[in-house]
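Visitor: I'd like to learn how to read side-chain contacts and helix packing in a model like this one. Can we go through it piece by piece?

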Amino acid sequence: MLPSVQNDLMFHGPIKSWDEGLPLGNGGSGCLIWGDGRELRLSLDRVDLWETTPCQKVNREDFTYETMYRMVKEEKWDEIFDLFDSPCECPYPTKLTAGKIILNFPTTEDMNSHLSLSQALADVELKTADGDVKLKVFMHATKQAGFMLMDRVPENFAWRVEYPAYNFGEKKELLDHGRFFGDNGLTLFTYTQPETVETENTKGFYFTISENDRYGVMMRRYSTPQGELFIWDSERAADFETLREKLPSKLDALAETGFDACLDSHKAWWKNYWNQSGVHISDSLFEKNWYITQYLLASCSREGSLPMPLQGVWTADDGELPPWKGDYHHDLNTQMSYYSYLKANHLGEGKSFLDFLWDLMPAAGAFAKKFYNAEGICLPAVMTVEGVPIGGWPMYAFSPTCQVWLCNMFERHYSYTGDEDFLRDRAYPYMKETGRFIMCMLKEGDDGLLRLPLSSSPEIHDNLPGSWLTPNSNYDLALMRYLFTQLTELADKVCPEDKQIWSETLAKLPQLAVNDKHVYRLAPDEDLKESHRHFSHLMALYPLRLTEYDTPENREIIDACVDDLELLGTGLWVGYSFCWMAQIYILQGNGEGAAAQLELFWRYFCSQNGFHLNGDYKKGGFCTWHYRPFTLEANMMAADAVQEMLLYSGKNEIRLFPAVPEHFESAEFDTFRAQHGLLVSAKMEKHAVTEVKLHAEKPCTVILKDGASLSPVCTGLDCITEALENGDLRLTFKA
């Protein structure tokens with residue numbers, strides 16, 4: 001279902017900041033178009049471009065969990081900071097930006113910009129003193145190159161390709177720590193002066209990151225009957241000779257193919273992508289932002305490429321390190337970034353993350369052994385593209401249960417696809433190795449129950465001494481109960497001989513801590529007492545959904561948790577908090593609450609191009625954070641919330657439109673993916689379901705809630721239907 005023109009990005013006037021620019025991307029490379037028209041920037045990025053030099057402290061022999069445990073017990077807070085926290089403030093390792101293309105139109109008087117989501121095509125119109133200039137710009141969906149067609153060349157037009165503004169003089173002596181925000185510009189890094197290419201029609205550079213890691217950026221200009229064609233690309237190689245050979249020949253080959261042919265194949269890819277699912281909602285804000293997010297997903301995540309780090313393929317172009325060094329955070333960010341793809345039926349875009357985690361299993365095994373002295377696998381919760389620890393607040397950066405949250409990605413993929421091969425070959429082995437690791441970490445107490453030596457709850461009490469909670473925190477416990485519950489169930493399908501050990505471990509885990517008001521606690525002896533951005537203590541509600549709204553006891557807990565969050569308020573929330581709150585309201589079936597949270601998020605925490613900027617940067621009064629560091633996880637969580645409002649799928653049940661607000665006069669979704677590989681489409685008019693279509697990729701049996709009343713509007717049901725006494729329908733599908 002192609003997004004309509006009303007969902008496109010349309011801007012009048014200058015685009016003043018890189019994080020407000022028109023985003024283009026193809027999973028491997030990205031581009032942001034912004035500027036005042038007199039100078040137009042194309043900020044370039046590659047998802048694989050990293051400075052991977054580790055902070056030396058992470059290589060120390062005493063950089064271990066045992067050391068951290070001893071320091072916590074001895075309350076050596078300064079020593080903990082120096083060894084485990086300060087490496088994150090070292091400028092390296094970090095994600096790097098690729099460079100920029102700068103176009104100068106000295107006499108520009110006005111500027112209009114349009115990004116077509118359906119075609120992933122940007123149109124920029126400049127009104128110059130000697131007439132209008134129109135640019136068409138796209139990054140090819142599969143060829144990893146960028147194209148720009150200029151219909152006419154105005155007077156005094158100039159263009160250049162610039163490398164990032166690092167230090168190219170005498171090497172600076174870098175400390176192993178320093179302030180992360182503020183004074184950590186790109187000049188902290190010293191590199192060899194790049195080799196530049198500068199002719200009338202070709203400009204670019206070749207850059208040395210390390211001895212065997214080089215990359216190049218090149219742009220070439222070609223005169224065509226349609227206007228001036230500019231094509232750019234970037235490549236990585238071990239030596240400059242390879243770059244000098246590959247880049248010019250690739251650009252010339254693309255020019256020979258022609259702008260129109262390349263644009264046609266580019267559009268064909270995006271048309272196929274959009275045909276995988278779609279929505280139509282009477283509230284245009286919800287529909288538009290769902291489509292923007294699906295566009296961002298395909299632009300910065302593709303099968304065969306690296307998954308999106310914090311900023312995807314749009315690393316900051318402001319002379320500073322990217323927010324949080326553009327790393328891979330596993331205490332929320334990476335997981336939330338990959339929650340929406342399943343229901344939206346974009347499996348290839350999500351598989352990028354799963355393949356990345358699978359390929360890093362050797363690194364995860366080595367880290368589990370070196371840092372924790374444990375068997376199995378565990379990745380650092382704050383890490384580089386190679387799975388190397390970056391450090392940071394150690395109670396979260398080295399939380400062993402963040403690894404369990406990564407298992408959730410494998411289990412969810414299996415659940416929504418019903419792919420038994422994936423379960424056998426990927427999901428169960430990954431979860432099993434994580435289970436082995438967690439079992440090494442658990443210690444049995446005098447009461448016979450299992451607990452971790454140290455416990456925390458991201459990001460409660462920041463990095464203060466109080467952040468070390470009494471084991472087990474509800475965050476740790478919810479994840480561990482989830483893991484061993486799933487392993488027990490999945491072992492039946494894959495490895496029955498494993499079942500006993502998983503079930504026995506599960507039986508020895510404590511129950512989640514609940515206070516006398518029926519609210520989930522932070523830990524057995526502590527409640528959340530102030531507004532906080534991270535609802536880590538509520539993992540059992542969302543995303544794990546261990547506690548569903550299906551029994552009187554569970555409803556009492558969920559309602560009490562919602563009341564508690566409302567009482568504490570939003571003062572210390574960030575953008576993703578509002579999306580998380582929307583998901584919890586959806587558990588209650590509260591469409592009004594969910595819709596209100598999402599609307600606040602999109603209006604006050606997102607840039608004009610859709611980017612989540614974390615803070616209430618417009619100062620709308622919704623929280624005390626007014627900064628604007630860009631990350632993507634909240635965008636994806638918000639899109640998932642829209643999908644959850646329209647379709648519930650869990651515990652072999654399907655509910656249609658379970659949490660839509662009253663003002664949704666109509667809503668429609670096409671080819672959403674439910675559990676077991678079931679594809680669902682449905683329409684609602686004035687809160688009455690008017691059409692339902694179901695298609696099963698795998699044999700399965702599901703319960704359609706209130707299905708008896710929906711029978712007249714169900715079409716094409718190739719299944720056995722059985723009416724149940726409560727008004728539901730049991731549907732049994734063949735493949």
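Guide: Sure. Let's begin with one salt bridge: the side chains of D233 and K250 meet, with N to O at 2.6 Å. Keep in mind that this is a predicted model.

Visitor: Where in the chain do D233 and K250 sit?

Guide: D233 belongs to strand β16 (residues 227-237) and K250 to helix α3 (residues 240-257). The two are 17 residues apart, and the pair links distant parts of the chain.

Visitor: Is D233 buried or exposed?

Guide: Here the idea is to look at relative accessible area, where under 20% reads as buried. D233 comes out at 3%, so it is buried. K250, on the other hand, has 23% and is partly exposed.

Visitor: How many salt bridges does the structure hold?

Guide: There are 53. Another of them joins E459 and R533, whose closest N and O atoms are 2.8 Å apart. E459 lies in the loop between β21 (450-451) and α12 (474-494), and R533 in the loop between α13 (499-507) and α14 (552-568), so this pair ties together parts that are 74 residues apart in sequence.

Visitor: And what are the accessibilities of E459 and R533?

Guide: E459 has 15% relative accessibility, which counts as buried. R533 is buried too, with a relative accessible area of 12%.

Visitor: Which residue does R673 form a salt bridge with?

Guide: Its partner is E697, and the closest N and O atoms are 2.9 Å apart. R673 sits in strand β24 (residues 666-674), while E697 is in the loop between β26 (688-696) and β27 (700-704), 24 residues apart. R673 is buried at 2% relative accessible area, whereas E697, at 36%, is partly exposed.

Visitor: Which residues are linked in a network of salt bridges?

Guide: One such network links E39, R41, K100, R160, E162 and D317. When you trace it on screen, show those six side chains together.

Visitor: Let's move on to rings. How many aromatic pairs are there?

Guide: The count comes to 61. Take Y65 and F371: their ring centres are 6.5 Å apart, with 70 degrees between the planes, and the pair is edge-to-face. Planes over 60 degrees apart get that label, so the angle settles the reading here.

Visitor: Where do Y65 and F371 lie?

Guide: Y65 is in helix α1 (residues 65-73) and F371 in helix α8 (residues 361-372). They are 306 residues apart, so you'd read this as a link between distant parts of the chain. Both ends are buried: Y65 at 6% relative accessibility and F371 at 2%.

Visitor: What kind of aromatic pair do F484 and W502 form?

Guide: A tilted one, with 6.0 Å centre to centre and 40 degrees between the planes. F484 lies in helix α12 and W502 in helix α13, so the pair ties together parts 18 residues apart in sequence. F484 counts as buried at 0% relative accessibility, and W502 counts as buried at 2%.

Visitor: Which residues form an aromatic cluster?

Guide: One cluster takes in W269, W270, Y273, W274, W290, Y291, Y295, F657, F669 and F672. W269 has a charged visitor as well: R302 lies over its face, 3.7 Å from the ring centre. You'll find a similar arrangement at Y648, where R655 lies over the face at 4.8 Å from the ring centre.

Visitor: Now helices. What describes two packed helices?

Guide: The angle between their axes and the distance between the axes. In this model, helix α5 (residues 284-300) and helix α17 (residues 633-646) have axes that come within 9 Å and cross at roughly 130 degrees. That makes α5 oblique to α17.

Visitor: Is the crossing left-handed or right-handed?

Guide: α5 passes α17 in a left-handed crossing.

Visitor: One last check on sequence versus space: how far apart are Y416 and M441?

Guide: In sequence they are 25 residues apart, and in space 31 Å, C-alpha to C-alpha. Y416 is found in helix α10 (residues 402-417), and at 6% relative accessibility Y416 counts as buried.

Technical notes
Residues are numbered from 1 along each chain as its sequence is written. This is a predicted model: local features need pLDDT of at least 70, side-chain atom pairs count only at pLDDT 80 or more; totals for chains, interfaces and linings use all residues. Side-chain values use heavy atoms; hydrogens and water are left out. A salt bridge is a side-chain nitrogen of Lys or Arg within 4 Å of a carboxyl oxygen of Asp or Glu. Helices (H or I, at least four residues) and strands (E, at least two) are DSSP runs, numbered from the N terminus. Buried means under 20% relative accessible area, exposed over 50%, partly exposed in between (1.4 Å probe, protein chains only). Rings of Phe, Tyr and Trp (its six-membered ring) pair if their centres lie within 6.5 Å; planes under 30 degrees apart count as stacked, over 60 as edge-to-face and the rest as tilted. A charge sits over a ring if NZ of Lys or CZ of Arg is within 6 Å of the ring centre and within 35 degrees of the ring normal. Axes are lines fitted to C-alpha atoms, for helices over the stretch in contact, and angles run from 0 to 180 degrees between N-to-C directions. Angles under 35 degrees count as roughly parallel, over 145 as roughly antiparallel, 65 to 115 as roughly perpendicular and the rest as oblique. A crossing is left-handed if the near helix is turned anticlockwise from the far one by less than a right angle, and right-handed if clockwise.
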